[in-house]
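Work through the following exercises with the sequence and the structure at hand. Attempt each task before reading its solution.

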Amino acid sequence: MIADRMRLDGRTVVVSGAGGGGIGTTCARGLLEAGATVVGVDRDPERLNAVEADLADAVGAGGPAGTLVTLCADISTAEGVEAVVEAAVAAPGELYGLVNVVGGSLLPHWAPALDFARAQWEQSLDLNLHHVMFLSQGVARHLVARGSAGSIVTISSTGGVIAAPYHVGYGTAKAAVLGLTRTLAVEWGQYGIRVNAVAAGSITTPRASSTPQDPAFAGRGVPMRRRGTPADVAAAVLFLISDLAAYTTGAVIPVEGGALNRLGLFDEDNVPVHVTNPRILARIRGEEEAG
Ligand SMILES: NC(=O)c1ccc[n+]([C@@H]2O[C@H](COP(=O)([O-])OP(=O)(O)OC[C@H]3O[C@@H](n4cnc5c(N)ncnc54)[C@H](O)[C@@H]3O)[C@@H](O)[C@H]2O)c1
């Protein structure tokens, strides 16, 4: 059955940044439901402690039981990467995949580019880019040495696809992971290792402390007029990581309620702001009969 391609029984998938209670934790949940062994990695021990309890009900929920292994490690260091790969190899199942979730931005990372400090720039790239390269490389080296196929998915952002004004470090790093995704996909296709990305829009997470229907946001700029949920992102990750996407590599799947599709030349009601002809505007508003 084509739907069986979603199953990950006997496969081990690393999720970096699994402890946040948001996108990483929910990706781990989806993978566990599909039967994977999940190695959930986070550098924050408190966040990681909460994960096992959070996900207890997901282990084996959709079929043969997956297993959750948690590991406290800092993946921005070579030792951290080594520890993750070692733990993933030692975990039950065969190492198969990686979901790069670690990333984000801190308050000081929002600033006009004219004022952006070097330290913030370096921090943005460190938090969002460097570990994606080296953790992906660590996992891929193991797969290639073993002669096994695999799948890597990285969480990027709409800010990596189009401009991210006043968020220059984050936007640049998220664009760079898309370039990295394409290059690794092309280099590693010969080994059967697929590399893809998700461009997430505005997603409700515990730290964003907002609801999908947040009135202060009111879905501005989003054709679907709501924020996304971590489950919206996890579903795309499950598709890309699994054999459902067996012939897809180097791809970027937007999970953004359609936000990337509307040019800034169209307002919230999809009225083209560059059109000034009153007859065209009247026809769009239904004030003049079509035909
Ligand atoms: N929330 C959104 O609206 C949104 C939108 C687009 C993209 N994203 C991306 O999704 C991803 C997850 O976002 P989130 O809001 O769930 O983040 P989060 O901050 O809740 O989770 C990230 C986790 O990564 C961990 N972490 C950070 N550095 C680490 C390191 N060096 N080693 C190990 N663990 C580390 C943190 O402790 C944290 O638990 C990020 O890459 C973010 O850029 C989020």
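The exercises below concern a predicted model.

**Exercise 1. The ligand and its surroundings**

Task: Determine which residues come nearest to the ligand and which elements supply its shell.

Solution.
- Step 1. The ligand is surrounded by 29 residues, and those that come nearest are Asp42, Arg47, Val101, Tyr170 and Arg207.
- Step 2. Sorted by character, the shell holds 10 nonpolar, 12 polar and seven charged residues.
- Step 3. Helix H4 (118-146), strand S5 (150-157) and helix H5 (168-188) each contribute at least two residues to the shell. The largest share, three residues, belongs to S5.

**Exercise 2. Polar contacts of the ligand**

Task: Find how far polar atoms of aspartate 42, isoleucine 203 and glycine 20 lie from an oxygen atom of the ligand, and state what percentage of the ligand's area the protein buries.

Solution.
- Step 1. For aspartate 42, a polar side-chain atom is 2.6 Å from a ligand oxygen.
- Step 2. For isoleucine 203, a backbone N or O atom is 2.9 Å from a ligand oxygen.
- Step 3. For glycine 20, a polar backbone atom is 3.4 Å from a ligand oxygen.
- Step 4. The ligand alone would expose 840 Å², of which the protein buries 88%.

**Exercise 3. A salt bridge across the chain**

Task: Locate the partners of the salt bridge between arginine 11 and aspartate 243, and classify the accessibility of arginine 11 and of aspartate 243.

Solution.
- Step 1. The closest N and O atoms of arginine 11 and aspartate 243 are 3.1 Å apart. A salt bridge requires such atoms to lie within 4 Å, so the pair qualifies.
- Step 2. Arginine 11 belongs to strand S1 (residues 11-16), whereas aspartate 243 is in the loop between H6 and S7; the two are 232 residues apart and link distant parts of the chain.
- Step 3. Partly exposed residues lie between 20% and 50% relative accessible area. Arginine 11 has 21% and is therefore partly exposed; aspartate 243 has 27% and is therefore partly exposed.
- Step 4. The structure contains eight salt bridges.

**Exercise 4. Buried or exposed?**

Task: Classify threonine 204 and phenylalanine 266 as buried, partly exposed or exposed.

Solution.
- Step 1. Threonine 204 sits in the loop between strand S6 (193-200) and helix H6 (230-241). Its relative accessible area is 14%, so threonine 204 is buried.
- Step 2. Phenylalanine 266 is found in the loop between strand S7 (252-255) and helix H7 (278-284). Its relative accessibility is 33%, so phenylalanine 266 is partly exposed.
- Step 3. Phe266 also takes part in a nonpolar surface patch with Leu263, Leu265 and Val273, with about 350 Å² of accessible area together.

Terms used:
Residues numbered from 1 in each chain as written. Predicted model: local features only at pLDDT ≥ 70, side-chain atom pairs only at ≥ 80, totals over all residues. Heavy atoms only, no water. Near = heavy atom within 4 Å. Polar contact = N/O pair within 3.5 Å; in protein donor to acceptor, adjacent residues only side chain to side chain. Areas by Shrake-Rupley, 256 points an atom, 1.4 Å probe, with all protein chains shown as cover. Helix = DSSP H or I, 4+ residues; strand = E, 2+ residues; numbered from the N terminus. Nonpolar A, V, L, I, M, F, W, Y, C, P; charged D, E, K, R; others polar. Buried < 20%, exposed > 50% of the residue type's maximum accessible area, 1.4 Å probe, protein only. Patch = residues over 30% accessible without salt bridge, like charges linked within 9 Å, V, L, I, M, F, W, Y side chains within 5 Å. Salt bridge = Lys/Arg side-chain N within 4 Å of Asp/Glu carboxyl O.
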